[in-house]
Amino acid sequence: MHPPGHGRAVAGALAAAILAIFTVFSAGSVTHGFVSYYTASKLLVSGELGPNAYDDQWFGAKVQQLTASNVREIFIPNPPTMALMALPLVSADAQTARAVWLLVSLIAFIASVAALVRHQALRARDLSIPTVLLMLLAPAVFTNLRIGQGYLLVFALFTAATIMLLRGRDRLAGFLLGLLLAFKTSGVALAVILVARKKWTTLVVAAITAIALAIAITPFMQAGMWSVYPSQVRAYVARPASSVTAYQTTLGLFRHLCVADPQWNPSPAANCAPIAFIVPTLINLAATLWTMVLAWRSTRPEPWLAAAAALSVLTLPAVAEPHFVLMAIPLALLRLSILETLSIGALLIVPLEFTAERFTAGWWALLAYPRLYAAWILWAASLRELRAEC
């Protein structure tokens, strides 16, 4: 008779093997995604990183020059400190650097999922095989590996910070959160929830870490990059292209339904542009405040950590497929029913070619946001557990 967890371990090993094979095939090409990190780090080392990086044409030309490819990418909406992410790889050519990046990303991702599974097993809450497979084999994982995006590493940092908070190692959690804030700002929602939890040690260490990285990188950048960063982010969010269904955000949904654009959104469902920015902002603000209130009174950390992971995706203004790898955290930490797991799994797995790329006109666009709906369901499940403790 096999010991408990044997089937889960076998399923996990098979999934890891599938990801490894996919990574090997992905390593043979240079695509968008990774080249943004690589080019930014190259520009930092050469002293060329500056405000021009936020010019899509300028940065795209640098990508092609430094990678010897016809691939173009953009730097916006990332902070200047994103240029540190691929710094250890700048001495290698783009193809080799990408292969190493993918390998490190895969190892970090699998180790992080294993840490979440192990944490739950130690609490006598073994995750089901379907849940483990969903965490490992969701399309978001394959998208990160296919294009070399950085969100498997973001996931690893977020998971490591989560595990450290669960273990009461607040200083180490703060250091990891600081790295997360510096590289991608993906940990902002977690930091906000930590304010409600009065985790001052974690927040102070996170702030010191992020600020130290910002100070350390500044002498090697051209003047003015930090000062233009906020306005460049605002301009990026305001672009008409942000209304395309590839951006699975609440803001993107309302903009797609309400704001017409001859190129990016010729057939909106209604003429409701005045509410397209206001309503999503109010929804995200209300969700964050509600989570903070319930987290403040919570006696168990798992629900508010799950909510923070969900909000870290939901509250960002520009979120595409790669970001949703973070949903593995609430999947692991929450007590979901079979129906909830099936529903969330379906929304996280359904190909965007059948949804986001097909239903783009009128009210049919409501069918184009499955990843967004999955994240909101996970957030709602987090709040249900938080309310149950109050």
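Trainee: How many disulfides does this structure have?

Mentor: The count comes to 1 disulfide, and keep in mind that we are reading a predicted model. As a general idea, a disulfide is a covalent bond between the sulfur atoms of two cysteines. Here the bond joins Cys258 to Cys272, with 2.0 Å from S to S.

Trainee: Which hand does the link of Cys258 and Cys272 have?

Mentor: The link of Cys258 and Cys272 is left-handed, with -85° about the S-S bond. Cys258 lies in helix H12 (residues 250-258) and Cys272 in the loop between H12 and helix H13 (273-276), so the disulfide ties together parts that are 14 residues apart in sequence.

Trainee: Are Cys258 and Cys272 buried or exposed?

Mentor: A residue is called buried when its relative accessible area is under 20%. Cys258 has 4%, so Cys258 is buried. Cys272 has 17%, so Cys272 counts as buried too.

Trainee: Let's turn to salt bridges. How many does a search of the whole structure find?

Mentor: The search finds 9 salt bridges. To read one, look for a side-chain nitrogen of Lys or Arg within 4 Å of a carboxyl oxygen of Asp or Glu. Try Asp170 and Lys199, whose side chains meet at 3.5 Å, N to O. Asp170 lies in helix H8 (residues 170-183) and Lys199 in the loop between helix H9 (188-196) and helix H10 (200-217), so this salt bridge ties together parts that are 29 residues apart in sequence. Asp170 is buried, at a relative accessible area of 19%.

Trainee: Which residues are linked in a network of salt bridges?

Mentor: The network links Arg123, Arg300, Glu302 and Glu385. Find Arg300 and look at its partners: the side chain of Glu302 meets Arg300 at 3.7 Å, N to O, and the side chain of Glu385 meets Arg300 at 2.7 Å, N to O. The pair of Glu385 and Arg300 links distant parts of the chain, 85 residues apart. Glu385 is in helix H18 (residues 370-389), while Arg300 is in the loop between helix H14 (278-296) and helix H15 (301-314).

Trainee: How buried are Glu302, Arg300 and Glu385, in relative accessible area?

Mentor: Glu302 is buried at 3%, Arg300 is buried at 13%, and Glu385 counts as buried at 7%.

Trainee: Now for helices. What should I look for when I study one?

Mentor: Start with this idea: an α-helix has 3.6 residues a turn, so residues three or four places apart point the same way. Then ask which residues are buried and what covers them. In helix H5 (residues 129-137), the buried residues include Thr131, Val132, Leu134, Met135 and Leu136. Their cover includes helix H1 (6-26), helix H4 (94-122), helix H6 (139-147), helix H16 (328-333) and helix H17 (338-349).

Trainee: And which residues of H9 are buried?

Mentor: In H9 they are Ala189, Leu190, Ala191, Ile193, Leu194 and Ala196. What covers them includes helix H7 (151-166), H8, H10, H14 and H15. Look also at what comes after H9: Lys198 follows, with a positive phi, near 60°.

Trainee: How many cavities of 30 Å³ or more does the structure hold?

Mentor: A cavity is a space where a probe fits but cannot get out, while a pocket is open. The structure holds 1 cavity of 30 Å³ or more, and the largest cavity has a volume of about 60 Å³. Among the residues lining the largest cavity are Leu134, Met135, Phe324 and Leu348. You met Leu134 and Met135 as buried residues of H5. H5, H6 and H16 each supply at least two residues of this lining.

Trainee: What classes of residue make up the lining of the largest cavity?

Mentor: The lining of the largest cavity has 11 nonpolar, no polar and no charged residues.

Trainee: What about the second largest pocket: how much space lies in it?

Mentor: About 340 Å³ of space lies in the second largest pocket. Its lining has 14 residues, of which Thr281, Asn284, Thr315, Leu316 and Pro317 lie nearest the centre. H9 and H14 each supply at least two lining residues, and H14 gives the largest share, 5 residues. By class, the lining of the second largest pocket has 9 nonpolar, 5 polar and no charged residues.

Note on methods
Residues are numbered from 1 along each chain as its sequence is written. This is a predicted model: local features need pLDDT of at least 70, side-chain atom pairs count only at pLDDT 80 or more; totals for chains, interfaces and linings use all residues. Side-chain values use heavy atoms; hydrogens and water are left out. A disulfide is a pair of cysteine sulfur atoms within 2.5 Å. Helices (H or I, at least four residues) and strands (E, at least two) are DSSP runs, numbered from the N terminus. Buried means under 20% relative accessible area, exposed over 50%, partly exposed in between (1.4 Å probe, protein chains only). Contact means heavy atoms within 4.5 Å. On a 1 Å grid over the protein atoms alone, a cavity is a set of points where a 1.4 Å probe fits but cannot get out, and a pocket is an open set with protein on both sides within 12 Å along at least five of seven lines; lining residues have an atom within 4 Å of a point. Grid points are joined across faces, edges and corners, and a volume is the space filled by probe spheres set on the points. Ala, Val, Leu, Ile, Met, Phe, Trp, Tyr, Cys and Pro count as nonpolar, Asp, Glu, Lys and Arg as charged, and the others, Gly among them, as polar.
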